[in-house]
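Student: Can you walk me through this one? I'd like to start with strand pairing, then move to the cysteines.

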Amino acid sequence: MTYPPNPYPPGPPPGVPLPPRRSHPFRAPLVALAVIVALAVAIAVVFAITARTLVTDVDDVSAGECVRVTTTGEGTVRARTADCDSEEFTFYVASRSSASGVRCATNDYSRISFGSGGVLCLAPNWRAGHCYEVPRASDPEATYRERGCATPSSDRDHPILEITKRLDGTSDPDCAASEASVSFALPRPVGYCYAPASDIPA
């Protein structure tokens, strides 16, 4: 009996290793290029979002919106738009003016001045149970900062206070006899009760 010829070439004899598989000469560069492109796109997206939230002029925000304020290494502050319900400490934009040197309603408001002119007056968006460092009333450019309640105060002019109660819709909060109060009428009435932070001597 005859059989049809084998259509496949014979394999190597037993004990002879197979030749190494050739790698595609362009595969590694293409993978590296794809990683670089993806990284560049991610950086561009982050930069676009950052640029869009940066507040550089009073027209970038409206009264009632919130901003997050940080201190730069140059001793100045930078504001970015933020969600008022954010877990991070934010400020309400209480008022804005395109004129320079404008004073806020009271010294309890923080103030941001822009080099191109214009002033934002900010009311702190405090949360009950959190602690904050209070700036000197004589320094309207200073800003409130959230601190740990056990953080030592930097000096006597910057006490750390604990917000014990927040009351929205009123400028006359009913606080305990051992507490003090502060309120802000703008952009909407809100009152706070506070006391020295529990681990900080009064």
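Student: How many bridges join β2 to β3?
Tutor: 6 bridges join them, and the two strands run antiparallel. Strands here are DSSP runs of E, at least two residues, numbered from the N terminus. Two strands pair if DSSP finds at least two bridges between them. This is a predicted model: local features need pLDDT of at least 70, side-chain atom pairs count only at pLDDT 80 or more, and totals for chains, interfaces and linings use all residues. Residues are numbered from 1 along each chain as its sequence is written, and side-chain values use heavy atoms, with hydrogens and water left out.

Student: Which residue in β3 is the bridge partner of Val-69?
Tutor: Ala-79.

Student: And β2 with β4, parallel or antiparallel?
Tutor: Antiparallel, over 2 bridges. Within that pairing, Cys-66 has Tyr-92 in β4 as its bridge partner.

Student: What holds paired strands together in general?
Tutor: Strands of a sheet pair through backbone hydrogen bonds, in either the parallel or the antiparallel sense.

Student: Cys-66 came up. Which cysteine does Cys-66 form a disulfide with?
Tutor: Cys-84, with the sulfur atoms 2.1 Å apart. A disulfide here is a pair of cysteine sulfur atoms within 2.5 Å. The link is right-handed, with 110° about the S-S bond. Cys-66 lies in strand β2 (residues 66–71) and Cys-84 in the loop between β3 (77–82) and β4 (90–97), so the pair ties together parts 18 residues apart in sequence.

Student: Is Cys-66 buried or exposed?
Tutor: Buried, at 2% relative accessibility. Cys-84 is partly exposed, with a relative accessible area of 24%. Cut-offs: buried is under 20% relative accessible area, exposed is over 50%, partly exposed is in between (1.4 Å probe, protein chains only).

Student: How many disulfides does the structure hold?
Tutor: 4. Counting bonded cysteines along the chain, the pattern is 1-2, 3-4, 5-6, 7-8.

Student: What about Cys-104 and Cys-121, right-handed or left-handed?
Tutor: Left-handed, with -95° about the S-S bond. This disulfide links distant parts of the chain: Cys-104 sits in the loop between β4 and β5, and Cys-121 in strand β6 (residues 119–125), 17 residues apart. Their sulfur atoms are 2.0 Å apart. Both cysteines are buried.

Student: And which cysteine is joined to Cys-175?
Tutor: Cys-193, at 1.9 Å from S to S. That link is left-handed, with -85° about the S-S bond. Cys-175 is in the loop between β9 (160–168) and β10 (180–184), while Cys-193 is in strand β11 (residues 190–196), 18 residues apart. Cys-175 and Cys-193 are both buried.

Student: Back to sheets. In what order do the 5 strands of the open sheet run?
Tutor: β8-β7-β9-β11-β10, with antiparallel pairing. β8 (145–147) and β10 stand at the edges with a single partner strand each, so one side of each has no neighbour in the sheet. On average, neighbouring strands are turned by 45° against each other, direction ignored. The axes are lines fitted to C-alpha atoms, for helices over the stretch in contact, and angles run from 0 to 180 degrees between N-to-C directions.

Student: How many bridges pair β7 with β9?
Tutor: 3, in the antiparallel sense; β7 covers residues 131–133. Tyr-132 has Leu-161 in β9 as its bridge partner.

Student: Last one. Where does Arg-111 lie?
Tutor: In strand β5 (residues 110–113). Arg-111 is buried, with a relative accessible area of 14%.

Student: What does the side chain of Arg-111 reach?
Tutor: The backbone oxygen of Val-102, at 3.1 Å.

Definitions and conventions. Helices (H or I, at least four residues) and strands (E, at least two) are DSSP runs, numbered from the N terminus. A polar contact is a pair of N or O atoms within 3.5 Å; within protein, one must be able to donate a hydrogen and the other to accept it, and residues adjacent in sequence count only if both atoms are side-chain atoms.
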